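Good morning, and thank you for joining. I would like to present the charged side chains of one model and then turn to its nonpolar surface.

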Amino acid sequence: MRGLLAKRMRFHLLGAFVVSMGAAALFKFGVAEPRKRAYAEFYKHYDPMKDFEAMKAAGVLESAPPK
């Protein structure tokens with residue numbers, strides 16, 4: 001029984017480190033990178049003036065009434 005706590009602590013600390021690194025990598029490559037690519041693709045073809053005119057025509061903006 002001597003040294004059991006230290007031995008188990010070392011095992012669990014290593015396991016926790018491996019699991020946390022795996023979860024971080026999974027989040028980065030499964031969520032963050034696809035999200036960055038989606039935003040880049042959206043803003044590659046985004047025309048803010050066209051969007052403004054569409055909102056203006058729909059009457060969404062109070063400061064720019066529709067014509």
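**Salt bridges and a buried lysine**

Let me begin with E33 and K28, whose side chains form a salt bridge at 2.9 Å, N to O. By salt bridge I mean a side-chain nitrogen of Lys or Arg within 4 Å of a carboxyl oxygen of Asp or Glu.

Some conventions should be stated at once. This is a predicted model, in which local features need pLDDT of at least 70 and side-chain atom pairs count only at pLDDT 80 or more, while totals for chains, interfaces and linings use all residues. Residues are numbered from 1 along each chain as its sequence is written, and side-chain values use heavy atoms, with hydrogens and water left out.

How many salt bridges does the structure hold? There are three. E33 also pairs with K36, at 3.4 Å, N to O. These two residues sit three apart in helix α1 (residues 4-44), and are therefore separated by about one helical turn. Helices here are DSSP runs of H or I, at least four residues long, numbered from the N terminus. K28, E33 and K36 are thus linked in a network of salt bridges.

The two lysines of that network may be described by relative accessible area, where buried is under 20%, exposed is over 50%, and partly exposed lies in between (1.4 Å probe, protein chains only). K28 is partly exposed at 36%, and K36 is exposed at 51%.

The side chains of E41 and K44 form another salt bridge, at 3.5 Å, N to O. Both residues belong to helix α1, three residues apart, about one turn of the helix. E41 is partly exposed at 42%, whereas K44 is exposed at 58%.

Which side chain of opposite charge is nearest to K56? It is E53, 4.5 Å away; K56 is buried yet has no salt bridge. For charge, Lys and Arg count as positive and Asp and Glu as negative, with His and the chain ends not counted. K56 lies in helix α2 (residues 48-58). Leaving aside neighbours within four places in sequence, K56 is in contact (heavy atoms within 4.5 Å) with L61, A64, P65, P66 and K67.

Finally, the nonpolar surface. L14, F17, V18 and M21 make a nonpolar surface patch of about 430 Å². L14 is located in helix α1 and is exposed, with a relative accessible area of 56%. Patch residues have over 30% relative accessible area and no salt bridge; nonpolar side chains (Val, Leu, Ile, Met, Phe, Trp, Tyr) are joined within 5 Å, and like charges within 9 Å. Accessible areas come from the Shrake-Rupley method with a 1.4 Å probe; for residues, only the protein chains shown count as cover.
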